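Thanks for coming. I will take a few minutes to go through one structure, mainly how its helices pack. Please have a look at it before I start.

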Amino acid sequence: MNLSEFNTLDAVSARKELFACCGSNKWADAMMKHFPFASEKQLVDLSAKIWYDVCAEADWRESFTHHPKIGDVKSLTEKFAGKEQAGVSVATSETIEALAKANADYETKNGFIFIVCATGKSADEMLALLLDRLQNSPEEELHIAMGEQQKISIIRFKKMLPDSDFSFLKVSQITTHVLDTSTGIPGAAISIRLQAFRNNSWQTIAQGITNNDGRIPDLLPQDKNLKPDTYKMVFDTGSYYAIAN
């Protein structure tokens, strides 16, 4: 289906498709006020504007409830074997068990399940990121998770409209490339936090793990542009060198 075909759907069917991309009723209703959409870019731009500027905590939390809930080892293996979480299906039993425990700990601490755009991430990378994000405050995690949801929404737009043109989407506005000068190779599996100075303290607004090339190409959603402000990036090199040594 392409966008032109999507625009011919009746309103009930179109809203159902959009709600499957992001499970927030307020977001879906606001999106439908602009249906039919003039272009793929308008679809993505509107989704971001509504998600960040119109929706609030209750709407973000509602969307999180429409993701597969992670429970015991069996449900983790089954529910994370889909295309969006393909890396987990080939994980070791030890990793699966650690993911199950960490997910339970995360939900207990934050009141919602662990939300991450898992595309391209191995099970080990996801576990490392989950354990690292457990160190964040619930407020930080709420904002990280809503950013991850926007990444997921874009992926689902592409799956919903496989014959449409999303070539206008670029990589994250902020990217990283870490090189280990002591070895001359990329710094892989390094946790990096993007923080903003808010309310007289540094708060994490996005977080990721470097890939085998030492990069995090999707630190921010593809359509997200940060407003002028004071930011910093925190590299957890201590853990990296502890493992390396």
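Let me begin with one pair of helices, α4 and α9, whose crossing is right-handed. Keep in mind throughout that this is a predicted model.

How far apart are the axes of α4 and α9, and at what angle do they pack? The axes lie 11 Å apart, and the angle is about 155°. That makes α4 roughly antiparallel to α9, because an angle over 145 degrees counts as roughly antiparallel.

Now the residues in that contact. From α4 we have L43, V44, S47, A48, W51 and Y52, and they meet M146, G147, Q149, Q150, I154 and F157 of α9. Sorted by class, the contact holds eight nonpolar residues, four polar ones and no charged ones.

Next, α2 against α9. Their axes come within 8 Å and cross at roughly 135°. That makes α2 oblique to α9. On the α2 side the contact has E17, L18, A20 and C21, and on the α9 side Q149, S153, R156, F157 and M160. Here the classes are five nonpolar, two polar and two charged residues.

You will have heard F157 named in both contacts: with α4, and with α2.

That brings me to the core. The largest nonpolar core has 51 residues, and the ones that touch the most other members are F6, L18, W27, F37 and F157. Which helices supply at least two residues each? They are α1, α2, α3, α4, α5, α7, α8 and α9. The largest share, eight residues, comes from α9.

Take W27 as an example. Leaving out residues up to four places away in sequence, W27 touches L18, C22, S47, I50, W51, C55 and F157. Apart from this core lies another one, of 12 residues, including A196, A206, I216 and L226.

Last, α8. Is α8 largely enclosed or largely open? Eight of its 11 residues are buried, so α8 is largely enclosed by the rest of the structure. The buried ones are A123, E125, M126, L127, L129, L130, D132 and R133. Among the elements that cover them are the helices α7 and α9 and the strands β3, residues 191–198, and β4, residues 201–209.

To recap α9: it packs against α4 at about 155°, crosses α2 at roughly 135°, gives the largest share of the main core, and helps cover the buried residues of α8. That is all I have.

Key
Residues numbered from 1 in each chain as written. Predicted model: local features only at pLDDT ≥ 70, side-chain atom pairs only at ≥ 80, totals over all residues. Heavy atoms only, no water. Core = buried A, V, L, I, M, F, W, Y, C linked by side-chain atoms within 4.5 Å. Buried < 20%, exposed > 50% of the residue type's maximum accessible area, 1.4 Å probe, protein only. Helix = DSSP H or I, 4+ residues; strand = E, 2+ residues; numbered from the N terminus. Contact = heavy atoms within 4.5 Å. Axes fitted to C-alpha atoms, helices over the stretch in contact; angles between N-to-C directions. Parallel < 35°, antiparallel > 145°, perpendicular 65-115°, else oblique. Left-handed = near helix turned anticlockwise from the far one by under 90°. Nonpolar A, V, L, I, M, F, W, Y, C, P; charged D, E, K, R; others polar.
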